[in-house]
2 protein chains.
Amino acid sequence: MMRASFEERGTEAATEATAEEVSAYAARVRSLVEATLDELIPAETVEPSSVHAAIRWSLFAPAKRLRPVLVFAAGEAFGARAESLIRTACAFELIHTYSLVHDDLPAMDDDELRRGRPTCHVRFGEAAAILAGDALQALAFQTIAEDETLDPSLRVRLISELARAAGTPEGMVAGQARDLEAEAREGVGGEELELIHRRKTGALIAASARAGALVSGASSSELEAVARYALELGLLFQITDDLLDVTASAEDLGKTPGKDARARKATYPALYGLEAARERARLVYERARAALDAVGRPTPMLRALARLVLERRA
Amino acid sequence: MMRASFEERGTEAATEATAEEVSAYAARVRSLVEATLDELIPAETVEPSSVHAAIRWSLFAPAKRLRPVLVFAAGEAFGARAESLIRTACAFELIHTYSLVHDDLPAMDDDELRRGRPTCHVRFGEAAAILAGDALQALAFQTIAEDETLDPSLRVRLISELARAAGTPEGMVAGQARDLEAEAREGVGGEELELIHRRKTGALIAASARAGALVSGASSSELEAVARYALELGLLFQITDDLLDVTASAEDLGKTPGKDARARKATYPALYGLEAARERARLVYERARAALDAVGRPTPMLRALARLVLERRA
C-alpha cells in the first residue's frame with residue numbers, strides 16, 4: 001500500500017511507501033546483505049582467527065544497514081536487479097564498518113559501546129581492531145573489483161566513487177579529521193558543523209545512493225538528483241543522531257548516549273537548542289524530498305526512507 | 001654494461017645488470033614515482049591539513065621504493081611502457097606506506113623511528129596517524145581505478161590482486177596479525193616464521209612484480225615465474241632485514257636496530273644463528289634467480305635487484 005495518492009500529492013512521482021513497506025524492504029535488504037557478507041568474510045576458524053573474529057564481531061552486530069538499503073532503493077528505483085546491486089551494497093557496509101571500528105579506538109572517539117556490544121578494541125584489543133578495520137577496507141574494494149555481474153568500466157567507476165567518498169580531501173576520513181580538529185578548539189559554527197557532517201557521514205551515504213543509480217544505468221541528471229537527495233538524507237541522519245544523543249537511552253541506541261554533551265562537542269542541539277534542531281531536521285527532510293521531485297519517476301522507497309530517518313527513535 | 005656474458009652464464013636470459021645500472025634504474029623509478037605521488041596527494045594547505053601533513057611526512061621520507069621498482073622492472077622486462085606502470089607503482093607504495101604508519105602505532109609494533117624520521121604518530125599524534133593510513137589505503141585503490149592508460153578489465157584485475165595482497169586471509173594484514181599472535185607466545189618455528197613473512201611482506205612484494213607483468217600483458221606462465229621470483233625476493237628482503245637489525249646502525253637503517261632481540265622476537269638470526277641465517281639468505285637468493293630462468297627472456301634488472309637485496313647494507 002502506498003501512502004500517497006494522486007489526489008493527496010498531485011503527481012505519481014510523489015508516491016511514498018508506507019512505514020510498513022519500507023521496514024519490510026529494509027529487512028529484506030539486510031538479510032540479503034548479511035548472508036552475502038557471511039560468504040565474503042573468512043570464517044573465525046580461518047587463521048589469523050583474531051582478525052576474522054574481530055571483523056565478524058563488528059560486522060554482524062545488529063545494524064540498520066542504511067547504506068546497503070540506499071544502494072538497493074536507489075538502484076531498484078531505476079530498474080537495477082538485486083544480483084547486480086548486492087556486492088556494491090556489501091562494499092559500502094564494509095567501508096562503513098571499518099570506519100566505526102577505527103573511530104571507536106581510544107586515540108579517536110574512545111567509545112566502549114557500539115551496535116549494542118562492547119566495541120571491537122574493547123573485546124579484541126587495539127591491534128586486532130586496527131587490523132580488522134584495515135582488512136575491511138581492502139575487502140570492500142576487492143568485493144567490487146571481483147563483481148562479475150558488472151561491466152569492468154562500471155566497476156572502476158564505483159571503486160573510484162567509493163574511494164573518494166571514503167578518503168580525503170572530500171570524504172569520510174577528511175570529515176573525521178576535521179571533527180577531531182574542531183573538538184580541539186572552541187567556537188565551531190553551524191556552517192563548519194554542516195561541512196564536517198557532509199564529509200564524515202554525508203559523503204558515503206550520498207555515494208551509496210549514487211552507486212545504486214550508477215549500477216542501474218541512470219542518466220547523469222538522475223544521478224545528480226539522487227545524490228542531492230542522499231546528501232540531505234545523510235545530513236538528516238546526523239541531525240537526528242545528535243538529537244538522539246540527547247533524548248534516547250543506551251538500550252535504544254546501542255551506544256553510549258550523552259557523550260557529545262560531556263565532550264562539549266559541537267552538535268545541532270548544542271548549537272541551536274533542541275527545538276531549533278528539530279526544526280532544522282524537518283527542513284532538511286523537505287529538501288531531501290524536493291531533490292527527489294527532480295528525478296521524474298516514482299521513488300516511493302527513497303521517500304519513505306527519508307521519513308523513516310526523520311522519525312527514527314534509535 | 002651488463003655484468004654477465006654468454007661465456008659466464010651460458011644463456012642470454014641470465015644476463016644481469018651491473019650494480020651501477022640497477023642503482024640508476026631504481027633512482028629513475030623513485031624520482032618518477034615521487035613526482036607522481038606529489039601530484040596525487042593533496043597539499044598540506046588543503047584541509048584537513050593534519051591528515052595531509054601526516055600523509056606527506058610518511059610518504060615522502062627517504063625510501064627505497066622497492067615495490068614501485070619491482071612494478072617497473074617486471075613490467076618493462078615484458079615491454080610495458082612507463083606511463084602505463086606509474087599509477088600502479090604508486091598504488092603499491094601507498095599501500096606499503098599505510099602499512100608502515102599503522103604497524104608503527106603504539107598498539108602494534110610501537111616504533112618511534114622510521115625512514116630516518118620520528119614515526120607518524122610520534123610527530124602528528126595517533127589519531128592523525130590512523131586516519132593518514134586509512135586515507136592512503138583508499139587512495140591506492142582510487143589511483144588504479146582512475147588510471148586512464150589501462151583497460152578497465154585490467155584495472156579491476158590489478159585492484160583485486162592488490163586488495164588480496166593487502167588484506168586477509170592471504171595478505172599483509174593476515175601476516176601482521178599472525179606476527180602479533182606469535183609474539184604473544186614462545187616457540188615459533190622456522191616454518192611458521194616463513195609463513196608469517198610470506199604474508200606480511202612477501203604477498204605485497206610478489207603482487208607488485210605480478211602487477212608489472214600483468215600491465216605488460218605477460219602470459220600466465222610468465223606471470224607465475226615472476227611471482228615465484230618476487231615471493232623469494234620478499235623472503236630474502238625479510239631475512240636481510242632481520243640480519244640488519246642485528247648488525248646495522250640506526251643511522252644506516254633509518255629505524256631503531258636491535259629491537260627484535262629486545263622484544264625476543266622470532267627472527268632468522270635468533271632461530272638459526274647469524275651464519276646460518278646468512279646461508280639461508282644465499283639459498284633464497286639462488287631460488288629467486290632460478291625462478292627467473294623459467295621466464296625465458298632477459299630480466300637483467302630483476303636479477304640485479306635480487307643481488308642488491310642480498311648485499312644491501314640498509
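Colleague: Quick one to start: what share of the interface residues of chain B are also interface residues in chain A?

Modeller: 100% of them, so the copies meet through the same surface. Keep in mind that this is a predicted model, where local features need pLDDT of at least 70 and side-chain atom pairs count only at pLDDT 80 or more, while totals for chains, interfaces and linings use all residues. Residues are numbered from 1 along each chain as its sequence is written, and chains are lettered from A and ligands numbered from 1 in the order in which they are written.

Colleague: How many residues of chain B are in contact with chain A?

Modeller: 43 residues of chain B are in contact with 43 residues of chain A. Two residues are in contact if their C-beta atoms, placed from the backbone, lie within 7 Å.

Colleague: Which helix of chain B gives the most to that side?

Modeller: α7(B) does, with 12 residues. At least two residues each come from α3 (49-59), α7 (126-145), α8 (152-166) and α9 of chain B. The helices (H or I, at least four residues) and strands (E, at least two) are DSSP runs, numbered from the N terminus.

Colleague: And how do the residues on that side of chain B divide by class?

Modeller: Into 25 nonpolar, 10 polar and 8 charged. Ala, Val, Leu, Ile, Met, Phe, Trp, Tyr, Cys and Pro count as nonpolar, Asp, Glu, Lys and Arg as charged, and the others, Gly among them, as polar.

Colleague: What rotation superposes chain B on chain A?

Modeller: A rotation of 180 degrees, with 0.0 Å of shift along its axis and an RMSD of 0.0 Å. That is the relation of a two-fold axis. In chain B, the C-alpha nearest the axis belongs to B:Pro152, 2.7 Å from it. Copies are superposed by least squares on the C-alpha atoms of residues with pLDDT of at least 70 in both.

Colleague: OK, a helix pair across the chains. At what angle do α7 of chain A and α9 of chain B pack?

Modeller: About 165 degrees, for α7 (residues 126-145) of chain A and α9 (residues 172-183) of chain B, with the axes 10 Å apart. That makes α7(A) roughly antiparallel to α9(B). Axes are lines fitted to C-alpha atoms, for helices over the stretch in contact, and angles run from 0 to 180 degrees between N-to-C directions. Angles under 35 degrees count as roughly parallel, over 145 as roughly antiparallel, 65 to 115 as roughly perpendicular and the rest as oblique.

Colleague: Which residues make that contact?

Modeller: From α7(A), A:Ala127, A:Leu131, A:Asp134, A:Ala135 and A:Ala138; from α9(B), B:Val173, B:Gln176, B:Ala177 and B:Leu180. By class, the contact has 7 nonpolar, 1 polar and 1 charged residues.

Colleague: Switching to α3 of chain A. How many of its residues are buried?

Modeller: 8 of the 11 residues of α3 (residues 49-59) in chain A are, so the helix is largely enclosed by the rest of the structure. A:His52, A:Ile55 and A:Trp57 are among the buried ones. A residue is buried if 20 or more other C-beta atoms lie within 10 Å of its own, exposed if 12 or fewer, and partly exposed in between; C-beta atoms are placed from the backbone.

Colleague: What covers the buried residues of α3(A)?

Modeller: The cover includes α2 (19-40), α5 (82-103), α6 (120-124) and α7 of chain A, together with α9 of chain B.

Colleague: Any odd backbone spots? Where is A:Pro48, for instance?

Modeller: A:Pro48 sits in the loop between α2 and α3 of chain A. The peptide bond from A:Glu47 to A:Pro48 is cis, with omega near -5 degrees. In chain B, a cis peptide bond joins B:Glu47 and B:Pro48, with omega about -5 degrees. Most residues other than glycine have a negative phi, and most peptide bonds are trans.

Colleague: And phi? What is the value for A:Arg115?

Modeller: Near 50 degrees, a positive value in a residue other than glycine. A:Arg115 lies in the loop between β1 (113-114) and β2 (117-118) of chain A. With 18 C-beta neighbours inside 10 Å, A:Arg115 counts as partly exposed.

Colleague: What about B:Arg65, buried or exposed?

Modeller: B:Arg65 is buried, with 24 other C-beta atoms within 10 Å. Phi of B:Arg65 is near 55 degrees, again a positive value in a residue other than glycine. B:Arg65 is in the loop between α3 and α4 (66-77) of chain B.
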